[in-house]
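Grab a pencil and keep the viewer open. Here are a few short exercises, each with a worked solution you can check as you go.

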Amino acid sequence: MTDTGQGARIALVAHDAQKEAIVDWARQNRARLERFEICATGTTGGRLSDEAGLEVHRLLSGPLGGDAQLGAMIAEGRLAALFFFIDPLAAMPHDVDVKSLQRLATLYDIPLALNRATADAVLAHIVGGAD
Ligand SMILES: O=C(CO)COP(=O)(O)O
């Protein structure tokens, strides 16, 4: 597993129906998230920056290659954890990219949170590692 210590790179991603939820979660956890270098897919990153005040490195939008960029980071050992608030009720045109990202996170044993409850648990875990 990639090191999750202070300053490690983490990624935040949310499908459209979950963007309010990830912004709300990020606001509530801003102090803890700021210990890390944050990457996000394009639209999610814009919202996190504007509405949660986080410093975010924005990648391409997910459907335009952002999920694939994150998958490459995982394969190269450059991502320590992935917070991916997925929409469980809608089909995505870029489903293959979504699946690929989840597969690579699983393959490379990256902490992967797919909903808010697990995001809380993963964040507590990596913050503990960063102390
Ligand atoms: O589609 C996404 C993840 O699969 C998220 O992309 P955006 O943050 O650009 O909306």
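## Exercise 1: Around the ligand

In this predicted model, the ligand has a shell made of Val13, His15, Thr41, Gly42, Thr43, Thr44, Ser61, Gly62, Pro63, Gly66, Asp67 and Val98.

**Task.** Find which elements give two or more residues to this shell, and sort the shell into nonpolar, polar and charged residues.

**Solution.**
- Step 1: Look for the elements. Two or more shell residues come from each of α3 (42-52) and α4 (66-75).
- Step 2: Pick the top contributor. That's α3, which gives three residues, the most to the shell.
- Step 3: Now sort by type. You should get eight polar residues, three nonpolar ones and one charged one.

## Exercise 2: Comparing with a record

**Task.** Look up which residues UniProt lists under "binding site", then explore Gly42 and His94 from that list.

**Solution.**
- Step 1: The unreviewed UniProt entry gives His15, Lys19, Thr41, Gly42, Thr43, Thr44, Ser61, Gly62 and His94.
- Step 2: Place glycine 42. You'll find glycine 42 in helix α3.
- Step 3: Is glycine 42 buried, exposed or partly exposed? Buried takes 20 or more other C-beta atoms within 10 Å, and exposed means 12 or fewer. Glycine 42 has 18, so it is partly exposed.
- Step 4: List what glycine 42 contacts, skipping neighbours within four places in sequence: Arg58, Leu59, Leu60, Ser61 and Gly66.
- Step 5: Do the same for histidine 94, which sits in the loop between β4 and α5 (95-107). Histidine 94 has 17 C-beta neighbours inside 10 Å, so this residue counts as partly exposed too.
- Step 6: Ignoring residues up to four places away in sequence, histidine 94 touches Gly62, Pro63 and Asp67.

## Exercise 3: Strand β1 and its partners

**Task.** Work out how many residues of strand β1 are buried, and describe how β1 pairs with β2 and with β4.

**Solution.**
- Step 1: Strand β1 covers residues 9-14, and five of its six residues are buried, so the rest of the structure largely encloses this strand.
- Step 2: Turn to strand β2 (residues 37-40). β1 and β2 run parallel and are joined by four bridges. As a landmark, leucine 12 stands opposite alanine 40 in β2.
- Step 3: Now try strand β4 (residues 81-85). β1 and β4 also pair in the parallel sense, over five bridges. Here, the landmark is alanine 11, opposite leucine 82 in β4.

Notes:
Residues numbered from 1 in each chain as written. Predicted model: local features only at pLDDT ≥ 70, side-chain atom pairs only at ≥ 80, totals over all residues. Pairing = 2+ DSSP bridges. Near = placed C-beta within 6 Å. Nonpolar A, V, L, I, M, F, W, Y, C, P; charged D, E, K, R; others polar. UniProt positions renumbered as here; feature names shortened; annotations may be inferred. Contact = placed C-beta atoms within 7 Å.
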